[in-house]
Amino acid sequence: MAIIKPNNNTLSSITALPTGLGGKVLQVVSASDGTQRATTSTSYVTASNTLSVSITPSATSSKIYIVGHTTIHNTTANKSTYLTVFKGGSQISGVVESGFANYYSTSGYDYQSNAFTFLDAPSSTSSLTYQVYIKNDSGSTGAINSNTTTGTITVMEIAG
């Protein structure tokens, strides 16, 4: 079987995808964590080193679609825990301070399942790290992966 050379180029000389391919999933990276992670911090802190993924986009026009799921709880009644995703150690631009998800505890013993999604447009071909962070209202302890659940984060490069 012969190797087809698109537009009569060698495969190694192709630097961009043909037009009309926007929206295709080019790569997927995922991570999971089944350990409860708690904090008393009122500023965003790393929730879990294992809920972190790195991806290197193949083109500056690519978008990164972020999908995640975990449980959130706060051990203090009438207090909230907030969850967000940071890119390279900074909160993703355009995301509000309360993050992607938050949970207000009415009793201090309950927890809630939360899913989150976001479409990032990094305009980069450098390696990017996306990681889950959490924070709480003052005077409370919050956690993710509560009640022996497993949290996940998945990022997908989408052709621009």
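## Asp-33 and its salt bridge

In this predicted model, Asp-33 is buried, with a relative accessible area of 5%. Its salt-bridge partner is Arg-37, and the closest N and O atoms of the two residues are 2.8 Å apart. Arg-37 has a relative accessible area of 27% and is therefore partly exposed. The pair thus joins a buried carboxylate residue to a partly exposed arginine. Arg-37 is also among the residues touched by Ile-144, a member of the nonpolar core described below.

## The second salt bridge

The structure holds two salt bridges. Besides the pair of Arg-37 and Asp-33, Lys-87 forms a salt bridge with Asp-120, with the closest N and O atoms 3.0 Å apart. Lys-87 belongs to strand β6 (residues 79-87) and Asp-120 to strand β9 (residues 111-120), so this salt bridge ties together parts of the chain that are 33 residues apart in sequence.

Lys-87 counts as partly exposed, at 23% relative accessibility, whereas Asp-120 is buried, with a relative accessible area of 6%. Asp-120 also takes part in strand pairing, as the bridge partner of Ile-64 in β9.

## Overall fold

The chain contains zero helices and twelve strands. Of its 160 residues, 39% count as buried. The chain exposes about 8300 Å², and carbon and sulfur atoms supply 51% of that area.

Contacts between residues distant in sequence are prominent in the count: among contacts with a separation of 6 or more, 82% involve residues 24 or more positions apart.

## Strand β5 and its partners

Strand β5 (residues 63-74) pairs with β9 in the antiparallel sense, through ten bridges. Strand β5 also runs antiparallel to β12, to which seven bridges join it. Ile-64 illustrates both pairings: its bridge partner in β9 is Asp-120, and its bridge partner in β12 is Glu-157. A further antiparallel pairing links β5 to strand β11 (residues 142-144) over three bridges; here, the bridge partner of His-73 is Ala-143.

Tyr-65 is another residue of β5. At 30% relative accessibility, Tyr-65 counts as partly exposed. Apart from neighbours within four places in sequence, Tyr-65 is in contact with Thr-117, Phe-118, Leu-119, Thr-154, Val-155, Met-156 and Ile-158. Tyr-65 and Thr-117 are 52 residues apart in sequence, yet their C-alpha atoms are 7.2 Å apart in space.

## The largest nonpolar core

In soluble globular proteins, nonpolar side chains tend to be buried together. The largest nonpolar core of this model has 23 residues, of which Ile-66, Leu-83, Tyr-130, Val-132, Ile-144 and Ile-153 touch the most other members. At least two core residues come from each of β4 (52-55), β5, β6, β8 (101-105), β10 and β12 (151-158). Strand β10 provides the largest share, four residues.

Ile-144 touches Leu-83 and Val-132, which are likewise listed among the residues that touch the most other core members. Beyond residues up to four places away in sequence, the contacts of Ile-144 also include Thr-35, Gln-36, Ala-47, Leu-51, Thr-70, Thr-71, Ile-72 and Ile-134.

## Asn-136, a buried polar residue

Asn-136 is found in strand β10 (residues 128-136). Asn-136 is buried, with a relative accessible area of 3%. A polar atom of the Asn-136 side chain lies 3.1 Å from the backbone nitrogen of Gly-142.

With residues up to four places away in sequence left out, Asn-136 touches Thr-39, Thr-40, Ser-41, Thr-42, Asn-74, Ser-80, Thr-81, Tyr-82, Thr-141 and Gly-142. Gly-142 therefore appears both in this set of contacts and as the residue whose backbone nitrogen faces the asparagine side chain at 3.1 Å.

## Ser-124 in the β9-β10 loop

Ser-124 lies in the loop between β9 and β10. At 14% relative accessibility, Ser-124 counts as buried, because the cut-off for that class is under 20%. A polar atom of the Ser-124 side chain is 2.9 Å from the backbone nitrogen of Ser-126. Leaving aside residues up to four places away in sequence, Ser-124 touches Pro-57, Ala-59 and Thr-60.

Note on methods: Residues are numbered from 1 along each chain as its sequence is written. This is a predicted model: local features need pLDDT of at least 70, side-chain atom pairs count only at pLDDT 80 or more; totals for chains, interfaces and linings use all residues. Side-chain values use heavy atoms; hydrogens and water are left out. Buried means under 20% relative accessible area, exposed over 50%, partly exposed in between (1.4 Å probe, protein chains only). Contact means heavy atoms within 4.5 Å. A polar contact is a pair of N or O atoms within 3.5 Å; within protein, one must be able to donate a hydrogen and the other to accept it, and residues adjacent in sequence count only if both atoms are side-chain atoms. A salt bridge is a side-chain nitrogen of Lys or Arg within 4 Å of a carboxyl oxygen of Asp or Glu. A nonpolar core is a set of buried Ala, Val, Leu, Ile, Met, Phe, Trp, Tyr and Cys residues joined through side-chain atoms within 4.5 Å. Accessible areas come from the Shrake-Rupley method with a 1.4 Å probe; for residues, only the protein chains shown count as cover. Two strands pair if DSSP finds at least two bridges between them.
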